[in-house]
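Trainee: I've got the model open and I'd like to go through the labels one by one. Can you walk me through the reasoning behind them?

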Amino acid sequence: MGWVGDGLADVQPHLFQDADFAGCLESLRSTSGVHLAMRGPATNCPIAGFSKRQYCVSHSTPEAELVAFDFALRVPGLPSLDLWHDILPHAPPLFGH
C-alpha cells in the first residue's frame, strides 16, 4: 500500500535490500530481498519488490548481504537512475548520507 502527499521536489527514490543466511534447508542458499520506493515527508509509494534465491552459497551473513546488495544495485537500482534524473526536478544521489 502506498500514499503520495508531496510534490516531485520533495520525493526521493529509496532502495532497500536484505538477505537471510542459508534460508534454504536443502541447498543452504540465501535469499535476497529488494524494495524500491519513492519516499518523502508525506509520501511512501512502492515501485518494485523482489525476493530471489541467491545463485551462490554464502559462507557468512555479510557475504549474503553483499550478494543481495549487488542484486539490488544491478537490477532495479542503477537502471532506474536515468528515469529518476528525467522525471524528478533534482538529481537524486546514488547513495544516501
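Mentor: Sure, and keep in mind that this is a predicted model. Let's start with rings: those of Phe, Tyr and Trp pair if their centres lie within 6.5 Å, and planes over 60 degrees apart count as edge-to-face. The structure holds one aromatic pair.

Trainee: What makes Phe50 and Phe71 a pair, and why is the pair called edge-to-face?

Mentor: The ring centres are 5.9 Å apart, and the cut-off is 6.5 Å, so Phe50 and Phe71 pair. Their planes stand at 85 degrees, which is over 60, so the label is edge-to-face.

Trainee: Which parts of the chain does the pair link?

Mentor: Distant ones: Phe50 sits in strand β3 (residues 43-53) and Phe71 in helix α1 (residues 61-87), with the two 21 residues apart.

Trainee: How do you know whether Phe71 is buried or exposed?

Mentor: Buried means under 20% relative accessible area. Phe71 has 10%, so Phe71 is buried. Phe50 has 33%, in between the 20% and 50% limits, so Phe50 is called partly exposed.

Trainee: Now the sheet. What is the order of its strands, and why do some of them count as edges?

Mentor: The order is β1-β2-β3 in an open sheet, with antiparallel pairing. β1 (12-19) and β3 each have a single partner strand, so one side of each is left without a neighbour in the sheet. On average, neighbouring strands are turned by 15 degrees against each other, direction ignored.

Trainee: How do you know that β1 and β2 are paired?

Mentor: At least two bridges are needed; β1 and β2 (residues 31-40) have eight, in the antiparallel sense. Within that pairing, His14 stands opposite Ala37 in β2.

Trainee: And where does α1 lie?

Mentor: Across β1, β2 and β3, running at about 160 degrees to β1.

Trainee: What makes Asp70 and Arg74 a salt bridge?

Mentor: Side chains of opposite charge can pair when their charged atoms come close. For Asp70 and Arg74, the closest N and O atoms are 3.3 Å apart, and the limit is 4 Å, so the contact qualifies as a salt bridge. A search of the whole structure finds one salt bridge.

Trainee: How are those two residues placed in the helix, and are they buried or exposed?

Mentor: Asp70 and Arg74 are four residues apart in α1, so about one helical turn separates them. Asp70, at 33% relative accessible area, is partly exposed, and Arg74, at 46%, is partly exposed as well, since exposed would need over 50%.

Terms used
Residues are numbered from 1 along each chain as its sequence is written. This is a predicted model: local features need pLDDT of at least 70, side-chain atom pairs count only at pLDDT 80 or more; totals for chains, interfaces and linings use all residues. Side-chain values use heavy atoms; hydrogens and water are left out. Rings of Phe, Tyr and Trp (its six-membered ring) pair if their centres lie within 6.5 Å; planes under 30 degrees apart count as stacked, over 60 as edge-to-face and the rest as tilted. Buried means under 20% relative accessible area, exposed over 50%, partly exposed in between (1.4 Å probe, protein chains only). Axes are lines fitted to C-alpha atoms, for helices over the stretch in contact, and angles run from 0 to 180 degrees between N-to-C directions. Contact means heavy atoms within 4.5 Å. A salt bridge is a side-chain nitrogen of Lys or Arg within 4 Å of a carboxyl oxygen of Asp or Glu.
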